[in-house]
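Please examine the structure shown below. The questions and answers that follow work through it step by step.

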Amino acid sequence: MQISNVHAQSVAVEYGKKKETAKQATVPDTGKHGAVNVSISADASKSSSAEALVTARANALPEIREDKVAVAKERMESGYYNTAEFSGKLAARLVDG
């Protein structure tokens, strides 16, 4: 299937793409149909940037947070999770959301 300029423009209109909020890219002439314009909405561009930022930050974190593991082990060994203090804190957090 080949996409002509007319088809690409009608698709853009159908999905409400606005030229003011879209980035334009032109694919060089590769044959008898001429160049093709492609639009990427500002929202799609922002979404892509946000995804890249989240991925980069997640990759920067250590896989295992040794400090949190050490605290949890210490609390398990000391029996903290079986105390009324912990139960009260847990219940309050569950109620508060």
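Q: Among contacts in the protein chain between residues at least 6 apart in sequence, what percentage join residues at least 24 apart?
A: This is a predicted model, in which local features need pLDDT of at least 70, side-chain atom pairs count only at pLDDT 80 or more, and totals for chains, interfaces and linings use all residues. Residues are numbered from 1 along each chain as its sequence is written, and side-chain values use heavy atoms, with hydrogens and water left out. A contact means heavy atoms within 4.5 Å. Among contacts in the protein chain between residues at least 6 apart in sequence, those that join residues at least 24 apart make up 22%.

Q: What average pLDDT does the protein chain have?
A: pLDDT is the predictor's confidence in each residue, from 0 to 100. Over residues 17–21 it stays under 50. In the protein chain, 63% of the residues score at least 70, and the average pLDDT is 75.

Q: Which pattern does the protein chain follow along the sequence?
A: Helices (H or I, at least four residues) and strands (E, at least two) are DSSP runs, numbered from the N terminus. The protein chain has four helices and two strands. Read along the sequence, their pattern is α-β-β-α-α-α.

Q: How many of the 13 residues of α3 are buried?
A: A residue is buried under 20% relative accessible area, exposed over 50% and partly exposed in between (1.4 Å probe, protein chains only). In the protein chain, buried residues make up 4% of the 97 residues. Helix α3 lies largely in the open, because its number of buried residues is zero.

Q: What distance separates the end C-alpha atoms of helix α4?
A: The expected span of a helix is 1.5 Å times one less than its number of residues. Helix α4 covers residues 84–96, so its 13 residues should span 18 Å. The distance between its end C-alpha atoms agrees, at 18 Å.

Q: Which residue forms a salt bridge with K89?
A: Side chains of opposite charge can pair when their charged atoms come close. A salt bridge is a side-chain nitrogen of Lys or Arg within 4 Å of a carboxyl oxygen of Asp or Glu, and a search of the whole structure finds one. K89 lies in helix α4 together with its partner, four residues apart, about one turn of the helix. With the closest N and O atoms 3.4 Å apart, the partner of K89 is E85.

Q: Is K89 buried or partly exposed?
A: The relative accessibility of K89 is 46%. Its salt-bridge partner, E85, has a relative accessible area of 47% and is partly exposed. At its own value, K89 likewise counts as partly exposed.

Q: Why is the pair of Y80 and Y81 classed as it is?
A: Rings of Phe, Tyr and Trp (its six-membered ring) pair if their centres lie within 6.5 Å; planes under 30 degrees apart count as stacked, over 60 as edge-to-face and the rest as tilted. The ring centres of Y80 and Y81 are 5.6 Å apart. Their planes stand at 65°, so the pair is edge-to-face.

Q: Which residue forms one aromatic cluster with Y80 and Y81?
A: Y80 is buried, with a relative accessible area of 15%, whereas Y81 is partly exposed at 31%. Y81 also belongs to a second edge-to-face pair, 4.8 Å centre to centre with 85° between the planes. The residue that joins Y80 and Y81 in one aromatic cluster is F86.
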